[in-house]
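Subject: Structure handover

Hi,

Here is the structure you asked about. Please open it beside this email and follow along.

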Amino acid sequence: MRAKFEKMIREAQIKITQAIQDIDGKATFQEDAWVRENGGGGMSRVLCDGNVFEKAGVNLSVVYGSMPQEALQAATERGVDRAKGYKPGERVPFFACGLSSVMHPKNPHCPTMHFNYRYFETDGGGEFQFCCCCIDQFITEWIVIDRCLCKFCNFQAYLSLPFNASLLLSLVVRWRYRYYPLLHQRGRHEAFPRHIQGGMR
């Protein structure tokens, strides 16, 4: 699984940066490769001062090593002992990789785009192996345009269809407003879910 996810995000970084360069038509991404001392590394790609984008970054990281048992416990759900089977003080091997991006258009009518695709797993030593995959993507609107919000959310709904869309969408709406309660969106929290529900009919 780790090999498949790493391959997917490496290919995604190339495709996304090429697509953004084509859209912008002026600026190009500058690369910066980095190495993690304790294992792994990554590639940062940043575009600045383009025709369309003021700044855009698409960053890849693939890291591995060992972590304290306490760190594993803090990163997982309460009441589940993911470090069971390890000796006291024994470190837990881990692997993590991810692709993250923030894109800031020059036009204030165009929202800022954010996304994070992450994979994490522990390996060996303990009684249980633990792995998880996380996807987080959203837009920040400077000037709110209802039809753009609706289009974005409907597309997210379309992508969610194979994975129990109604459950995922309810969680997306609930957590979006818990973690991103932007001041200019207050008073709109009830309208946003109705846009999604209407688009799903």
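This is a predicted model. Start with helix α1, residues 2–24. Helix α1 lies across β2, β3 (53–67), β4, β5 (112–122) and β6. It runs at about 165° to β3.

Now the sheet. Six strands form an open sheet in the order β1-β2-β3-β4-β5-β6, and the pairing is antiparallel. The edges are β1 (30–35) and β6 (131–140), and each of these pairs on one side only. On average, neighbouring strands are turned by 10° against each other, direction ignored.

Next, walk through some of the strand pairs.

- β1 and β2: β2 covers residues 40–48, and six bridges join this strand to β1. For one of the contacts to look at, find Trp-34, whose bridge partner in β2 is Gly-42.
- β3 and β4: these two pair in the antiparallel sense over 14 bridges. Met-67 has Val-92 in β4 as its bridge partner.
- β4 and β5: ten bridges join these antiparallel strands. Met-103 is partnered by Met-113 in β5. A hairpin of six residues makes the connection from β4 to β5.

Is β4 largely enclosed or largely open? Ten of its 14 residues are buried, so β4 is largely enclosed by the rest of the structure. Buried here means under 20% relative accessible area.

Compare that with a loop residue. Glu-37 sits in the loop between β1 and β2. Its relative accessible area is 81%, so Glu-37 is exposed; the cut-off for exposed is over 50%. Glu-37 and Gly-65 are 28 residues apart along the chain, and their C-alpha atoms are separated by 9.8 Å.

Last, the second largest pocket. How much space lies in it? About 320 Å³. The elements that give two or more residues to its lining are β4 (92–105) and α3 (146–160). The largest share, four residues, comes from α3. Lining residues include Phe-53, Met-103, Pro-105, Ile-139, Cys-148, Lys-151, Phe-152 and Phe-155. Met-113, the bridge partner of Met-103, also lines this pocket.

What kinds of residue make up the lining? Ten are nonpolar, one is polar and one is charged. Lysine counts as charged, so the charged one is Lys-151. Histidine counts as polar, so the polar one is His-109.

Best wishes

Notes. Residues numbered from 1 in each chain as written. Predicted model: local features only at pLDDT ≥ 70, side-chain atom pairs only at ≥ 80, totals over all residues. Heavy atoms only, no water. 1 Å grid on protein atoms, 1.4 Å probe; cavity = no way out; pocket = protein on both sides within 12 Å on 5 of 7 lines; lining within 4 Å. Points joined across faces, edges and corners; volume = space filled by probe spheres on them. Pairing = 2+ DSSP bridges. Axes fitted to C-alpha atoms, helices over the stretch in contact; angles between N-to-C directions. Contact = heavy atoms within 4.5 Å. Buried < 20%, exposed > 50% of the residue type's maximum accessible area, 1.4 Å probe, protein only.
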